[in-house]
Amino acid sequence: MDHILLETTGLADPAPLVSILWLDDQLESSIRLDSIITVIDAKNFRRQIDEHMNSSSFPEAFHQIAFADVVILNKIDLVKDDLEDLERQIHDVNALVTVVRSVRCQVDLNTIFDRQAYGVKNSSQLQELLEYSKSAPPNSRHDNSISTLCIYEQDPVCLAKVESWLEDLLWEKKSNMDIYRCKGILNIHDSNQLHTLQAVREVYEVVPAREWSETQSRMNKIVFIGRDLDISILQDSFSRCKH
């Protein structure tokens, strides 16, 4: 088999399933987690957005977008005039997600298969995504309580301190932030290897991906997706990981 597609129920939280498959991958299973794909009904998504603006509730659709690597925006033939605005709303929730437009869910499978969203080989793509996130002003990338934030640190960091920092954020939850996902590139002290960071809920991984190129700026860059994120807390606490 080349690929296995696991379809959860419409209201399922993908995080527990992701955690299981990701851990299997670390244990050298023959199956590896490739990506999370979410399908959005373009016509009804607009209605959910409008209802959310007039309510204190939090739509499950936004929650699933936050975890997604790829969003298939379906039924675009029914909302031709609003497509750009719908994509902006999706990226407001998750600035790193790839949006694929479709009618009747007809998509080129090459756009959703073999994304390697959780593999160490995607460091170049990850850098592009981080640069994209950096280019948009922070206040344009959130919807009330859910947001995408990016932090930076020029100096090398200590790997052990970074792991302890992640465990405080993801396991101990010492702040009021609810972090769904984070992705990043790390400049580890005494290492010529660019390290990539991936986390979904409580499960995280920091691994060497490749050597830094001579022309590349060795900077730490991390994107967080979640609710009630505080960029000051994230930036200040991460700066204490410096060697």
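Here is a friendly exchange about salt bridges, strands and helices in this structure.

Colleague: What kind of model is this, and how are its residues numbered?

Modeller: This is a predicted model, where local features need pLDDT of at least 70, side-chain atom pairs count only at pLDDT 80 or more, and totals for chains, interfaces and linings use all residues. Side-chain values use heavy atoms, with hydrogens and water left out, and residues are numbered from 1 along each chain as its sequence is written.

Colleague: Thanks! How many salt bridges are there?

Modeller: Side chains of opposite charge can pair when their charged atoms come close. A salt bridge here is a side-chain nitrogen of Lys or Arg within 4 Å of a carboxyl oxygen of Asp or Glu. By this rule the count is 12.

Colleague: Which residue forms a salt bridge with Arg181, and where do the two lie?

Modeller: Helices (H or I, at least four residues) and strands (E, at least two) are DSSP runs, numbered from the N terminus. Arg181 belongs to strand 6 (residues 178-187), while its partner sits 112 residues apart in the loop between helix 3 (60-67) and strand 2 (70-74). The N to O distance is 2.9 Å, and the partner is Asp69.

Colleague: Are Arg181 and Asp69 buried or exposed?

Modeller: Buried means under 20% relative accessible area, exposed over 50%, and partly exposed in between (1.4 Å probe, protein chains only). Arg181 has a relative accessible area of 3%, and Asp69 has 6%. Both values are under 20%, so Arg181 and Asp69 are buried.

Colleague: Which residue forms a salt bridge with Asp92?

Modeller: An α-helix has 3.6 residues a turn, so residues three or four places apart point the same way. Asp92 and its partner both lie in helix 4 (residues 83-93), 4 residues apart, about one turn of the helix. Asp92 is buried at 9% relative accessibility, whereas the partner is partly exposed at 42%. With the closest N and O atoms 3.0 Å apart, that partner is Arg88.

Colleague: Which residues are linked with Arg32 in a network of salt bridges?

Modeller: Arg32 is partly exposed, with a relative accessible area of 42%. One salt bridge joins Arg32 to Asp34, with the closest N and O atoms 3.1 Å apart, and Asp34 is buried at 16%. The residues linked with Arg32 in the network are Asp34 and Asp114.

Colleague: Why is strand 2 largely enclosed by the rest of the structure?

Modeller: Val70, Ile72 and Asn74 are buried on one side of strand 2, and Val71 and Leu73 on the other, so both faces are covered. Strand 2 is largely enclosed because its buried residues number 5 of the 5.

Colleague: Which strands pair with strand 2 in the parallel sense?

Modeller: Two strands pair if DSSP finds at least two bridges between them. Strand 2 has 5 parallel bridges with one strand at residues 37-41, where Asp41 stands opposite Asn74. Another 4 bridges join strand 2 to a parallel strand at residues 98-101, where Arg101 is the bridge partner of Leu73. These are strand 1 and strand 3.

Colleague: Which residue of strand 9 is the bridge partner of Leu149?

Modeller: Strand 5 (residues 146-153) and strand 9 run antiparallel, joined by 8 bridges. Strand 9 also pairs with strand 6 in the antiparallel sense over 7 bridges, and there Cys182 stands opposite Phe224. The bridge partner of Leu149 is likewise Phe224.
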